[in-house]
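Colleague: I should be grateful for a close look at one part of this model, namely the sheet and what packs against it. Please take the strands in turn and then turn to the core.

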Amino acid sequence: MAVTDRSVTSRTVAQHIDSVTHHSVSARTIRRRLQQSGLSTRRPLLGLPLAQNHRRLRRQWCDERRMWVAERNEVVFTDESRICLQHHDGRIRVWRHRGERMLNSCFMHRHTGPAPGIMVWGGIGYHSRTPLVRIAGTLNSQCYISEVLEPVFLPYLQGLNTATFQQDNA
């Protein structure tokens, strides 16, 4: 059960065993047996589900720059992120073996619906980073230009001798 549903708790497995076999097994015994088989409970990898086009564009960008050596120190990555103030509390765990972090069964999609939260924007380079910018309201092109690009990012970029700006094509 823990192999097919990675987020099932040991208590749920114990209750399932009891209902099927009518033999009582403690949740601690379930945890010990799973750990003996190499499974341990860890936090799942969290991320937003990417559209197929975004995956393709990101892979293409990386493939084109695979042979960069000195240039990689000059790349500046920027992105915005919404921090949800309601949903995920970090207590969800998944059963997995070492090296299984990237499996779909060990991956949990973040909540993307409307909920109280804040939006922030930031940029990072090899040797420096931009200030974190709090975005009030909805981030549209006018807001992005007037609150992020002109006052924060362009002065930061001009302070770097040579830089390549990598945008996420969103």
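Modeller: In this predicted model, strands β6 and β7 are joined by 3 bridges and pair in the antiparallel sense. Within this pairing, Val120 has Arg134 of β7 as its bridge partner. On the pairing of β6 with β3, the sense is again antiparallel, and here there are 8 bridges. Arg82 has its bridge partner in β6, namely Met119. Strand β3, which covers residues 75-84, is also joined to β8 by 3 bridges, and these two strands run parallel. Opposite Val76 stands Phe165 in β8.

Taken together, these pairings give an open sheet of 4 strands in the order β7-β6-β3-β8, with mixed pairing. Strands β7 and β8 (164-166) are the edges, each pairing on one side only. From one strand to the next, the twist averages 25 degrees.

The sheet is accompanied by a helix. Helix α4 lies across β3, β6, β7 and β8, and it runs at about 170 degrees to β7.

The core may be considered next. The largest nonpolar core comprises 11 residues: Val76, Met119, Trp121, Val133, Ile135, Cys143, Tyr144, Val148, Val152, Phe153 and Tyr156. At least two of these residues come from each of β6 (117-124), β7 (133-135) and α4 (141-158). The most is given by α4, with 6 residues. Two residues already named for their place in the sheet recur in this core, namely Val76 and Met119.

Val152 deserves a closer view. When its neighbours within four places in sequence are left aside, Val152 is in contact with Trp121, Thr130, Pro131, Val133 and Glu147. Apart from the core that holds Val152 lies another core, of 7 residues, including Val8, Ala14, Leu34 and Trp95.

A further packing arrangement concerns two other helices. Helix α1 (residues 10-21) packs with helix α2 (residues 27-36) at an angle of about 110 degrees, and their axes are 8 Å apart. The two helices, α1 and α2, are therefore roughly perpendicular to each other. On the α1 side the contact is made by Ser10, Arg11, Val13, Ala14 and Ile17, and on the α2 side by Ala27, Ile30 and Arg31. Sorted by class, the contact of α1 with α2 has 5 nonpolar, 1 polar and 2 charged residues.

Conventions
Residues are numbered from 1 along each chain as its sequence is written. This is a predicted model: local features need pLDDT of at least 70, side-chain atom pairs count only at pLDDT 80 or more; totals for chains, interfaces and linings use all residues. Side-chain values use heavy atoms; hydrogens and water are left out. A nonpolar core is a set of buried Ala, Val, Leu, Ile, Met, Phe, Trp, Tyr and Cys residues joined through side-chain atoms within 4.5 Å. Buried means under 20% relative accessible area, exposed over 50%, partly exposed in between (1.4 Å probe, protein chains only). Contact means heavy atoms within 4.5 Å. Axes are lines fitted to C-alpha atoms, for helices over the stretch in contact, and angles run from 0 to 180 degrees between N-to-C directions. Angles under 35 degrees count as roughly parallel, over 145 as roughly antiparallel, 65 to 115 as roughly perpendicular and the rest as oblique. Ala, Val, Leu, Ile, Met, Phe, Trp, Tyr, Cys and Pro count as nonpolar, Asp, Glu, Lys and Arg as charged, and the others, Gly among them, as polar. Two strands pair if DSSP finds at least two bridges between them.
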